[in-house]
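Work through the exercises below with the structure open. Try each task before reading its solution.

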Amino acid sequence: MSSSLILSGRGSARRAALLRGLGRRVALLEQVLVAQAARLASLLSVCLGAGCATYLLLRSEPNAWTGALLVGAGGGAALAARMRGHAIASAVALCVLAFGLGFWSGQFACHRAPPVSAMPKKAVLVSGRLLSVDVLADGARRVRIATPEVQRAPGRRTVVDEAEEGVGGAMDRDVNLRLRAGDAQELGAGEMVRVRALLRDPPPPDRPGGRDLQREAFFDRLGGQGYALGDVSVIAPAAGGWSDPAMRVRRLREAIAARIGAVLPGREAAVAQVMLTGLGTGLPQAERDAFAASGLAHLLAVAGLHIGIVMGVVLAVVRPGLALFAWVALRWPCREIAALAALGAGAGYMVLTGMHIPILRSFAMACLVTLALVLGRRALSMRGLALAASVILLAAPDDVLDVGFQMSFSAVAALIAGYEALRGPMLRLHGAGGPVGRLRHHLAALALTSLLAGAASAPFALYHFGRVQPFFVLANLAAVPLTAMVVMPAGMLGLLLMPLGLDRPALWVMGHGIEGILWLAHAVAALPAASVAVPSMPGWGLAAVALGLAWLCIWPGRSRLLGGVVIAAGLASPALTTRPALLVSGDAGMIGLAPERPGGTLWVEQGRADRVIAADWQRAWAARRVEALPVDGSSADGQAACDPASCTITRDGISVLLVRARSKAALPEGACDGIALLVSPTPAPGACPGVPRIDRFTVWRDGPQAVWIGDGGVVVRSDRVLRGDRPWVPPAPFARRVQLTLPLAQAE
């Protein structure tokens, strides 16, 4: 009995020691959290974004009270933990609160959006007010019509009429229309127009898990798109006066763009129009490809760089200008006045370039920087960046999945954290000053800025575009100073002189600067391996990169290096993910066979060629080229054995039978023997009885299909299964046929 008492005593002592050690660790963690309270505030914006993304990526619509419940639970727990002084519990509760706010803001944005209506299947008369007129790269024009009225076209029936016999009705969403090439009607924003057109719903993703244009259109109030079948006619002029300032701004932008086009040649004019008005759809695709391949695509996306240059130029002019007058310099706060003048110029530039989401994000950050300068605080900080991100996410939660949001905020976070960590070396480079020290510091700052911003935004570009530009630092070292010191200042001077008719010399200088940037973009794009294709990154890999980068930039000390480990895991995700062997487009017009390895050949069977879908599949698989499956014989890599009627695709001992597009030849005898799946671009209800199939009916009902071959069988996943039942996902076609004329309810 005494021995048992001794043993129990030893166990109690061991447990007590463990509890004391755990208590010390908890106390240490609480000290760290209290000391890093400012950093925790920045991490809350990450939790807010995670809540927004979680709501948008759910496969079914949650209950309306889910977000409110998360907010209430997190807020109550945070208050209770704060009153009791529990730092760890308070931090966890605040993270839950921020997550709930993001989730709730996504629900609110979704339910305040107008419902989706099915587009008519036949020609209709579309009338409404013009919001914008854009010139596309091929010279055609695209218009956006606000809340159009849709009526039966003469001699045609429209399926939006009540019981298909009424007179039509108004849509709560806008439509985009591509006008006919020969249509010479002069158009301006604000005019009431009418045109006979064919409309269609926003397209589904090109592949399961691909870019969701329907979700983007849902939050952008875009109901559909299509093309004109006749010439557009103006039925009422634009409203005069200041009753609609947005239309007046749009007409001003179009007038400035027309003036630039009259002064500068085609390529230079298109780039100048992008930088000064945000209207740049006329830039040829070859130039866009060169900018993308050289890592200079951000110059064509009006955002932080451009508004920063505008505000920097105004600040550099106003402050020394005020200092020229001794009385003003001694009595007025010149720095604060210059900062406010720069902010005003930035606001004007934001309005002139269209107030789109990237420039709104940048202006929000500029407001915080200006406020810090006026109050004598640090201009750029991680807390200010987190505040700007939180405001934007609460106002537009769908931005969290936008490539512009991800790239811009990741780049700025990396710049703030990088310069904070490298402040000492940069000061040593500057030394005691002098021309050599300043030049050395300036060149190092340019290289460091390009390296930090490019490296931080590269994973997001990899996910969305499937390419990496190794020479982006080299290109930006020359292009960014040229833009900041020549192109944008000359363009701003041209805008000021345009009302006087004296803008031609300034625009001429701007055009020559743009010509240098274009030459640089093509020169870098022509280098070997200037743009390297990489396999698509899965969603969990992008999430790992985002969380790892946030931890690396926000948290201090050596523990931040754990973020680098998480980033590495995210970047390795393409190698850890099995890609589908087959893809079937949403209309079954294209069927793609994946290359055996990245850099191989994408084999395509197509009845209706679609270069956009083929390019997206090529990016997803990192294929070097796209080729059609042979009419008779085997593909070069031996994956497919084809005859005029079908192709047999074999991988890991599993065979899939692909019926040729529009083939009228009968399947050879025994073609169905031993196959695991039948894929047909046409309805095939009686082909290969007992064999699972993907045919025209399958994709009509469930959208694009992805097929994995291996592990003893095939796995098929449809776009409808991956996206689920959300307000922006159209209902199944059979459900649409029951209520063909009614708009979708919010819950559908």
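The exercises go from the whole chain to one sheet and its helix.

**Exercise 1.** Describe the protein as a whole.

*Solution.* Note that the model is predicted. Start with secondary structure: 25 helices and 21 strands. Next, take burial. The protein has 748 residues, and 44% of them count as buried, with under 20% relative accessible area as the cut-off. Then take the surface. The accessible area is about 36,400 Å², and carbon and sulfur atoms hold 64% of that. Finish with contacts. Among contacts with a separation of 6 or more, 66% join residues 24 or more positions apart.

**Exercise 2.** Lay out the six-stranded sheet: which strand order does it have, and which strands lie at the edges?

*Solution.* Write down the order: β13-β12-β11-β10-β20-β21. The sheet is open, and its pairing is mixed. Now go to the ends. β13 (625-628) and β21 (713-718) are the edge strands, each pairing on one side only. Last, add the twist, which averages 20° from one strand to the next.

**Exercise 3.** Examine the pairing of β10 with β11: how many bridges join them, and which residue of β11 partners V584?

*Solution.* Locate β10 at residues 582-584 and β11 at residues 590-593. Three bridges join the two strands, which run antiparallel. Then find V584: its bridge partner in β11 is I591. In general, strands of a sheet pair through backbone hydrogen bonds.

**Exercise 4.** Place helix α22 against the sheet: which strands does it touch?

*Solution.* Find α22 at residues 611-621. Helix α22 packs on the sheet and touches β10, β11, β12 (601-606) and β13. Then compare directions: those of α22 and β11 make an angle of about 20°.

Methods:
Residues are numbered from 1 along each chain as its sequence is written. This is a predicted model: local features need pLDDT of at least 70, side-chain atom pairs count only at pLDDT 80 or more; totals for chains, interfaces and linings use all residues. Side-chain values use heavy atoms; hydrogens and water are left out. Two strands pair if DSSP finds at least two bridges between them. Helices (H or I, at least four residues) and strands (E, at least two) are DSSP runs, numbered from the N terminus. Axes are lines fitted to C-alpha atoms, for helices over the stretch in contact, and angles run from 0 to 180 degrees between N-to-C directions. Contact means heavy atoms within 4.5 Å. Buried means under 20% relative accessible area, exposed over 50%, partly exposed in between (1.4 Å probe, protein chains only). Accessible areas come from the Shrake-Rupley method with a 1.4 Å probe; for residues, only the protein chains shown count as cover.
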